[in-house]
Amino acid sequence: MIPYGKQLISEDDIDAVKAVLKSDYLTQGEQVPAFEQAIAQECKARYAVAVNSATSALHIACLALGVSNGDWVWTSPNTFVASANCARYCGAEVDFVDIDPQTYNMSVSALKEKLLVAEQHGKLPKVVIPVHFAGQPCDMKAIYQLSQQFGFAIIEDAAHAIGAQYQDQPVGSCRYSDVTVFSFHPVKIITTAEGGVAMTNQPGLAEKMKLLRSHGVTREPQLMYDCPSVDAERGAWFYQQVDLGFNYRMTDLQAALGLSQLKQLEAFVEKRHQLAQVYHQSLKNFPLKLPFQSEGNRSSYHLFPIQLETEVVSRQQFFDRLREKGLGVNVHYIPVHTQPYYQQRGFRVGDYPVAEAYYRKAISIPLHQGMTIANQATVIKAIKESLI
């Protein structure tokens, strides 16, 4: 089976993890801060807060921005459920903005129209979470300009987009957002086995997220309260819980793998672009809509989603034929608002027609840095045969 996505682990990666296994610290040693420093430098951001998943990063980003009961958070329906669930964890209400039919990202025109209506009803969002679907950057400058007009914060869900560029700057620089979140799940560009990170340029947000990822516990004197204690002394053992946090920490084992993988990021993204170029050339004359690339931006090509544009074969038939031929194709994503949990909250099929139209035709075909020329030739041959 040729999977749609897969990690590529080198001997250097294995050696990096082995070194931590032989060290004194498997969890909170030197590797996590080193990984945070390296990824902040890579993305040209001031701070990076490493956690155990991108979902955790989204959650603490929402909390750090003050999302709570009665607030509204808007995101894209064309994403994994975590992009919406993070707001629900905070007690906020969720709404969605339909996607652009070319990029499959949040539509700026739909966002502006929805904001104007929300302003009239006093229901403007506290936070908007654009999703860089498949590694294609959203139009962040336009979204940022709307945030200045309507007063909302921005969390970039860049789970797919480490190594991508927007206006010649790395995604993650937070030039047009408060926080950017990356995922390091094994199917992503680089991996820490499981893990995520929240990037920001704001020291207050970084400090808050670091506190929340570790039970709300601190040993920093400047964060402590002057309150009664069982012991008036404050020796090296002393700590305080100053907030209600979580056990969202990344381990040193994960961070060591991430540090090693990060060194290969540019090569991984370049390999994905080479594969994407072959797909574009080989499939351009077939009844398929291939991924669009915005001018001036560079996708990380986390996914290569195609849309079926023929009635000769149904999407289900096409999908099944490809699976039978040994291709681990998948569909990204079932629109979030159509999930039972969100339908129970009032959403209905038909609410976001562009996202739903995309979903009905979409299939993600294999693309990852471990693919060989022979693998890709097999994929292309299987696609052509399955369209008949």
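Q: What covers the buried residues of helix 10, among other elements?
A: The model is predicted: local features need pLDDT of at least 70, side-chain atom pairs count only at pLDDT 80 or more, and totals for chains, interfaces and linings use all residues. Numbering starts from 1 along each chain as its sequence is written, and side-chain values use heavy atoms, leaving out hydrogens and water. Helices (H or I, at least four residues) and strands (E, at least two) are DSSP runs, numbered from the N terminus. By contact (heavy atoms within 4.5 Å), the cover includes strand 13 (288–289), strand 14 (304–308), strand 15 (327–328), helix 12 (353–361), strand 16 (362–365) and helix 13 (373–386).

Q: Where on helix 10 do its buried residues lie?
A: Arg-315, Phe-318, Phe-319 and Leu-322 are buried (under 20% relative accessible area, 1.4 Å probe, protein chains only). Seen down the axis, they fall within an arc of 100 degrees, so they line one face of the helix.

Q: Which strands stand at the edges of the open sheet of seven strands?
A: The sheet has mixed pairing and the order 2-10-9-6-5-3-4; strands pair if DSSP finds at least two bridges between them. Each edge strand has a single partner, so one side is left without a neighbour in the sheet: these are strand 2 (47–51) and strand 4 (93–96).

Q: What is the bridge partner of Ile-155 in strand 9?
A: Strand 6 (residues 153–157) and strand 9 (residues 179–183) pair in the parallel sense over three bridges. In strand 9, Ile-155 is partnered by Val-179.

Notes
Buried < 20%, exposed > 50% of the residue type's maximum accessible area, 1.4 Å probe, protein only. Arc of directions from axis to C-beta.
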